[in-house]
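Trainee: Could you take me closely through a single part of this model, the open sheet and the helix that packs on it, and then place the rest around that part? I would like one connected account.

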Amino acid sequence: MNEEIKKKFLRMIPHALYVLTSQAGGKTAASTVSWVTQASFQPPLLAVGIKKDSRTFEAVNAAQGFVLNFLGKEQKDIAQKFFKHVDPEGNQLAGEAFVPSPQLKHPTFPGMAGFVECRVVGLVDKGDHAVVVAEVLEAQGGLAEGPLLLSSTGWNYGG
Ligand SMILES: Cc1cc2nc3c(=O)[nH]c(=O)nc-3n(C[C@H](O)[C@H](O)[C@H](O)COP(=O)(O)O)c2cc1C
């Protein structure tokens, strides 16, 4: 296989950016993620690629749930804060205030565009990221300004 061509095409798959949060057993994790797609209408399912050696994967596994917080197109600065592990300080993560989600109590950020709350229903564990399949239980917020697209940031994740 030509590695350069593979990388080029895999990076052409369009993605947006989100902050995925999960809390379990008093531990809270939050990561910027991009490998997200809808995977079923009924029930509404998402598939998310989550790095297996991350604290976020640990938390999602323990909680069997997470919140996907949607970033607006002007929120690149927020995405950047969650590329590395951050611990909560009071009701803030990386300086962003959060409140618990309605059903599963994972962090949601009133300052972001909105969120979907998800319960894990399956996991495909075949690579350095696990494909986590989750059902959307709740959705809140508005996305007036449009999503933060990875292609608009100059960053890459994939290939
Ligand atoms: C542009 C970009 C996109 C990313 N997308 C993902 C992703 O889809 N899934 C993932 O697990 N990590 C992704 N990451 C890496 C996580 O942000 C990073 O591993 C995480 O914040 C580590 O924190 P943690 O150990 O607290 O989970 C991405 C990083 C960058 C720079």
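Mentor: What follows starts from the sheet, moves to the helix and the core, and ends with the ligand shell and a few backbone details.

The model is predicted, and the part you ask about is an open sheet of 7 strands in the order S2-S1-S5-S11-S12-S4-S3, paired in the antiparallel sense. Strand S2 (27-33) and strand S3 (36-40) stand at its edges, and because each has a single partner strand, one side of each is left without a neighbour in the sheet. From one strand to the next the twist averages 35°.

The pairings can be followed along that order. Strand S1, residues 18-24, pairs with S2 in the antiparallel sense over 7 bridges, and within this pair glutamine 23 has threonine 28 of S2 as its bridge partner. Helix H2, residues 55-63, packs on the sheet and touches S1, S2, strand S4 (45-51), strand S5 (65-70), strand S11 (114-124) and strand S12 (129-141), while its direction makes about 55° with that of S1. Further along, S5 and S11 run antiparallel and are joined by 6 bridges, with glycine 65 opposite arginine 119 in S11. Between S11 and S12, which also run antiparallel, there are 10 bridges; here glycine 122 has valine 133 in S12 as its bridge partner, and a hairpin of 4 residues joins the two strands.

Which residues of H2 are buried? They are Thr56, Phe57, Ala59, Val60 and Ala63, and since they cover an arc of only 165° around the axis, they lie on the same side of H2. This can be read against a general property: an α-helix has 3.6 residues a turn, so residues three or four places apart point the same way. What covers these buried residues includes S1, S2, S4, S5, S11 and S12.

Directly after H2 comes glutamine 64, whose phi is positive, near 55°, although glutamine 64 is not a glycine. Glutamine 64 lies in the loop between H2 and S5, and with 16 other C-beta atoms within 10 Å it is partly exposed. For context, most residues other than glycine have a negative phi, and most peptide bonds are trans.

The sheet and H2 also contribute to the largest nonpolar core, which has 34 residues, and of these Tyr18, Val19, Phe66, Leu68 and Leu71 touch the most other members. Two or more residues of this core come from each of S1, S2, S4, H2, S5, H3, S11 and S12. Phenylalanine 66 shows what such contacts involve: leaving out residues up to four places away in sequence, phenylalanine 66 touches Leu20, Thr21, Ser22, Val60, His106, Cys118 and Ala134.

Helix H3, residues 76-81, holds lysine 76, which counts as partly exposed because 15 C-beta neighbours lie inside 10 Å. Lysine 76 and leucine 17 are 59 residues apart in sequence, yet their C-alpha atoms are 8.7 Å apart in space. Apart from neighbours within four places in sequence, lysine 76 is in contact with Leu148 and Thr153.

The ligand is surrounded by 19 residues, of which Lys51, Ser54, Thr56, His85 and Tyr157 come nearest. The elements giving two or more residues to this shell are S2, S4 and H2, and S2 gives the most, with 4 residues. Thr56 thus appears twice in this account, as one of the buried residues of H2 and as one of the residues that come nearest to the ligand.

Outside this part there is an open sheet of 3 strands, in the order S6-S7-S8 and with antiparallel pairing. Its edge strands are strand S6 (88-89) and strand S8 (96-97), each of which pairs on one side only. S6 and strand S7, residues 92-93, run antiparallel and are joined by 2 bridges, with glutamate 89 opposite glutamine 92 in S7.

Two further backbone details deserve a look. Glutamine 42 and proline 43 are joined by a cis peptide bond, with omega about 0°, and proline 43 is found in the loop between S3 and S4. Lysine 105, which is not a glycine, has a positive phi of about 65°; its place is in the loop between strand S9 (99-100) and strand S10 (107-108), and lysine 105 is partly exposed, with 15 other C-beta atoms within 10 Å.

Conventions
Residues numbered from 1 in each chain as written. Predicted model: local features only at pLDDT ≥ 70, side-chain atom pairs only at ≥ 80, totals over all residues. Pairing = 2+ DSSP bridges. Axes fitted to C-alpha atoms, helices over the stretch in contact; angles between N-to-C directions. Contact = placed C-beta atoms within 7 Å. Buried ≥ 20, exposed ≤ 12 C-beta atoms within 10 Å, placed from the backbone. Arc of directions from axis to C-beta. Core = buried A, V, L, I, M, F, W, Y, C linked by C-beta atoms within 7 Å. Near = placed C-beta within 6 Å.
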